[in-house]
Amino acid sequence: MDIPRSALPPGVLSLHILPAEHHDRDWDAIIVPREVKERLLAQALLVLQHGRKLSMLAGLPHGLIVLAGPPGTGKTTMARGLAQVAALALARQGATALVEINPHAFPSDMLGESQRNVTRLLTETIPEIAARRPHVIVLIDEVESFAVRRSSASFDANPVDVHRATDAVLLGIDEIAKNLPSVLFVTTTNFIEAVDEAFLSRADLVMTFSLPDRETIGKILEHALGELAVQWPSLQAMTEDAAKLSELAALCEGWDGLRIRKLVLAALAQRLDVARDPSTLSWDDLMTAARKKGGVEWAGGRAPTSRELFPDVPKELMHDHDHGHALHDDQHDHDHSHGHRHTHTHQKDEV
Ligand SMILES: Nc1ncnc2c1ncn2[C@@H]1O[C@H](COP(=O)(O)OP(=O)(O)O)[C@@H](O)[C@H]1O
Ligand SMILES: [Mg+2]
C-alpha cells in the first residue's frame, strides 16, 4: 500500500506499508556475501522486535544503521530491500511502515528553518506514524546532508545554522531511542567523512560496502542477463556460460554494481540490430561494450543520414507538425500529446 505523495508530511519522500507485493526485488538484486545480509537483517530485527526491552539497558541501542561506501554499491537498494524482508519476518506481529526521508527537504540556507523542520520530523511526524504502526523503519538516504559533520561545516551555508540542525538531529534520535525504541533508522552515505561524528557514534552498526570482486561481478552479470532473459528467453543460454561470464567479469574489475548492470544495457546498444531485437545479443557485444567501458569510441566513417537509415517509413506514419505545438491540441496528433501527458503525470512508487 502506498500513500499518495500529496498526503505526505513535509520532508517525507514516500510512505510504504510493508510487506507488499513487488517489493522483494531490491533485496534479491543486491549480490553480497550471505554474512552481510544476515548481519543486517539480524540487526534490524533486534531493534524492531526487542527494542523496548533493550531500551532498559545502560548501553541502549539507538536503532541506527549506517550503510557507507562508494556510489553504486547497492546501499540504497539494500536499505529498501531490508525493510521488505524485515517486514516479512514481522508480518504476523503487524505491518511495518517504511518512511523515506528526503534529506534535501531541509535547506540549511534559511536561518533556523532547517532546525525547525528536522525537529518537527523527529518529534511529530515519526512519532505519529509510530503510533499507528507496530514497526517503523525510517530510511534517510544521503544522510551526510541531514547530519552534517559540525567540525567541518564551513561551506557556503551558515555554520551556526548547520550546527543547530545537526544538534536537532541528534536530540531527536536520542528522544526516539528512549521513547520509541522499536523505530529503526537505516541511513546511507557515499561520503562518510561528511557525516557528523556524534551521529556515527550512535550507530549500532556501520556497514561499509565495497566494490564487487571478480566473482561477485560475474554473479551480477549473470543476474542482469537473467533479467533480460525473462523478456527475451533465447538469451537464457548466456547466463549458463560460466567461462564467458568470467571472461567478461575480468574486463569489469574495479567497476561498481550499478555500472556493471549498465554494461548490459550498453551491450544492447552496440549495434542498431540488437537494439531493435535484443534477442540477438552476442558475447561479442558484451565484450566490446566492456572494452569501451560502456561508452563509445569517437571513431568510424561517415554516419548515414536519417533517411539513409530509414528510407521506407510510409508517408501516412509521418506526422504533420513536429514543432512544439500546444499539448491540448490533440485532435490531429493523438498519440503524441497523450505520450506527453502521460510521462509528466505518471508516478512510480519504487524507483
Ligand atoms: N552488489 C551488487 N549486486 C547487484 N547489483 C548491484 C550491486 N551494487 C549495485 N548494484 C546495482 O546498482 C543499482 C544502484 O545501486 P544503489 O542502491 O543506488 O547504490 P548506492 O546507493 O550505493 O549508490 C542497484 O539497483 C543494483 O541494480
Ligand atoms: Mg544511494
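Contact here means heavy atoms within 4.5 Å, and the structure examined in these exercises is a predicted model.

**Exercise 1. Describe helix H5, its buried residues and the elements that cover them.**

Step 1: Helix H5 runs over residues 159-179 and has 21 residues, and the 30 Å from its first C-alpha to its last is close to the 30 Å expected at 1.5 Å a residue.
Step 2: The buried residues of H5 are Asp161, Val162, Ala165, Thr166, Ala168, Val169, Leu170, Gly172, Ile173, Ile176 and Ala177.
Step 3: When reading the spacing of such a list, recall that an α-helix has 3.6 residues a turn, so residues three or four places apart point the same way.
Step 4: The cover over the buried residues of H5 includes helix H4 (113-132), strand E5 (183-189) and helix H6 (197-202).

**Exercise 2. Starting from strand E5, work out the surroundings of threonine 189.**

Step 1: Threonine 189 is found in strand E5, an element that is among those covering the buried residues of H5.
Step 2: Buried means under 20% relative accessible area, and threonine 189, with a relative accessible area of 1%, is therefore buried.
Step 3: The side chains of threonine 189 and glutamate 144 are joined by a polar contact of 2.6 Å.
Step 4: Leaving aside residues up to four places away in sequence, threonine 189 touches Val66, Leu67, Ala68, Gly69, Lys75, Val143, Glu144 and Val195.

**Exercise 3. Identify the residues that come nearest to ligand 1, and then the polar atom pairs between ligand and protein.**

Step 1: There are 15 residues around ligand 1, of which Gly72, Lys75, Thr76, Thr77 and Arg261 come nearest; Lys75 is also one of the residues that threonine 189 touches.
Step 2: Two pairs involve the backbone: an N or O atom of isoleucine 31 lies 2.8 Å from a nitrogen atom of the ligand, and an N or O atom of glycine 74 lies 3.0 Å from an oxygen atom of ligand 1.
Step 3: A further pair involves a side chain, for an N or O atom in that of threonine 77 is 2.5 Å from an oxygen atom of ligand 1.
Step 4: On its own, ligand 1 has 560 Å² of accessible area, and the protein covers 84% of this.

**Exercise 4. Explain why strand E3 is largely enclosed, and name the strands that pair with E3.**

Step 1: Strand E3 spans residues 96-101, and 6 of its 6 residues are buried, so the strand is largely enclosed by the rest of the structure.
Step 2: Thr96, Leu98 and Glu100 point one way from E3, while Ala97, Val99 and Ile101 point the other way, and all are buried.
Step 3: Strand E1 (residues 12-18) pairs with E3 in the antiparallel sense over 6 bridges, with valine 12 standing opposite isoleucine 101.
Step 4: Strand E4 (residues 135-140) pairs with E3 in the parallel sense, also over 6 bridges, and valine 136 in E4 is the bridge partner of alanine 97.

**Exercise 5. List the buried residues of helix H12 and the helices included in their cover.**

Step 1: In helix H12 (residues 283-291), the buried residues are Trp283, Asp285, Leu286, Met287, Ala289 and Ala290.
Step 2: Their cover includes helix H7 (214-231), helix H8 (236-239), helix H9 (242-251), helix H10 (257-268) and helix H11 (272-276).
Step 3: Just after H12, lysine 293 takes a positive phi of about 55°.

Terms used: Residues numbered from 1 in each chain as written. Chains lettered and ligands numbered in written order. Predicted model: local features only at pLDDT ≥ 70, side-chain atom pairs only at ≥ 80, totals over all residues. Heavy atoms only, no water. Helix = DSSP H or I, 4+ residues; strand = E, 2+ residues; numbered from the N terminus. Expected span 1.5 Å × (residues − 1). Buried < 20%, exposed > 50% of the residue type's maximum accessible area, 1.4 Å probe, protein only. Near = heavy atom within 4 Å. Polar contact = N/O pair within 3.5 Å; in protein donor to acceptor, adjacent residues only side chain to side chain. Areas by Shrake-Rupley, 256 points an atom, 1.4 Å probe, with all protein chains shown as cover. Pairing = 2+ DSSP bridges.
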